[in-house]
Amino acid sequence: MASKESRRVSDLETLKAFGHPLRMRLYRALYIARTATASQLADQVDEAVSLVSYHLRRLADHGLIEEAEQQGTDARERWWQPASKGLNFHEEDFTDAPEKAATHAAVGRLSFDQHIELYRRYLDSAPTWPLEWRSAASSSEYLARLTAEELAALTREMHEVVDRYEELGRAREEAGDTEGRENVAVHLYTFPFRP
């Protein structure tokens with residue numbers, strides 16, 4: 001990845017470019033793979049290579065992904081990688097106009113729907129996973145009474161913990177420790193609500 005930092009997306013056009021169901025799936029698949037071609041990603045998302053290539057170029061147009069170093073011997077293949085460690089979308093960047101707020105909310109809902117689908121697929125396939133993986137997986141809900149400042153601190157700390165484990169896993173994998181590694185999704189939602 002070009003940048004070791006997460007990118008804060010704060011402009012409407014980039015948010016719109018990312019807010020397409022296939023582009024979100026492609027970004028996630030590319031983030032997991034670290035580098036991939038359109039053909040490899042097309043196999044993962046079960047779409048035509050030409051369609052995947054188009055959507056990858058749209059992501060690249062907005063700096064969300066970028067070309068990676070050539071990995072294979074076929075010079076015609078174009079390799080891609082995420083342009084940053086991840087993406088962040090903050091509501092306060094999109095509150096100054098109704099279209100911005102609506103787009104931010106729509107992208108958030110789409111992302112949440114994809115998270116739900118990912119978790120549903122795990123639940124459907126859980127019996128096929130070894131017991132050690134089923135025991136390690138978790139689903140929890142915590143309800144607390146906090147101030148906005150306390151919620152912000154909790155969110156930062158949770159992100160720091162996840163970042164630490166992600167970096168540890170990547171470093172160990174790059175050092176050759178690949179035995180027993182799987183892709184793991186961690187979805188965190190922190191938000192106020194009224195019963």
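Start with the whole surface: the protein exposes about 13500 Å² of accessible surface, and carbon and sulfur atoms hold 51% of that. Areas come from the Shrake-Rupley method with a 1.4 Å probe. This is a predicted model: local features need pLDDT of at least 70, side-chain atom pairs count only at pLDDT 80 or more, and totals for chains, interfaces and linings use all residues. Residues are numbered from 1 along each chain as its sequence is written, and side-chain values use heavy atoms, without hydrogens and water.

Switch to cartoon. Seven helices and five strands appear. From the N terminus they run β-α-α-β-α-α-β-β-β-α-α-α. Helices (H or I, at least four residues) and strands (E, at least two) are DSSP runs, numbered from the N terminus.

Show only C-alpha atoms. Along the principal axes, they fill a box of roughly 55 × 50 × 30 Å.

Next, colour by burial. Of the 195 residues, 24% are buried (under 20% relative accessible area, with a 1.4 Å probe and protein chains only).

Now select Phe-18, Leu-26, Leu-41, Val-52, Leu-56 and Ile-65. They have the most contacts inside the largest nonpolar core, which has 25 residues. Such a core is a set of buried Ala, Val, Leu, Ile, Met, Phe, Trp, Tyr and Cys residues joined through side-chain atoms within 4.5 Å. Add α1 (12-18), α2 (21-33), α3 (38-45), α4 (49-61) and α5 (98-125): each gives two or more residues to this core. α2 gives the most, with seven.

Finish on Phe-18. Beyond its neighbours within four places in sequence, its contacts (heavy atoms within 4.5 Å) include Arg-23, Tyr-27, Leu-59, Phe-89 and Val-107.

Terms used. Buried < 20%, exposed > 50% of the residue type's maximum accessible area, 1.4 Å probe, protein only.
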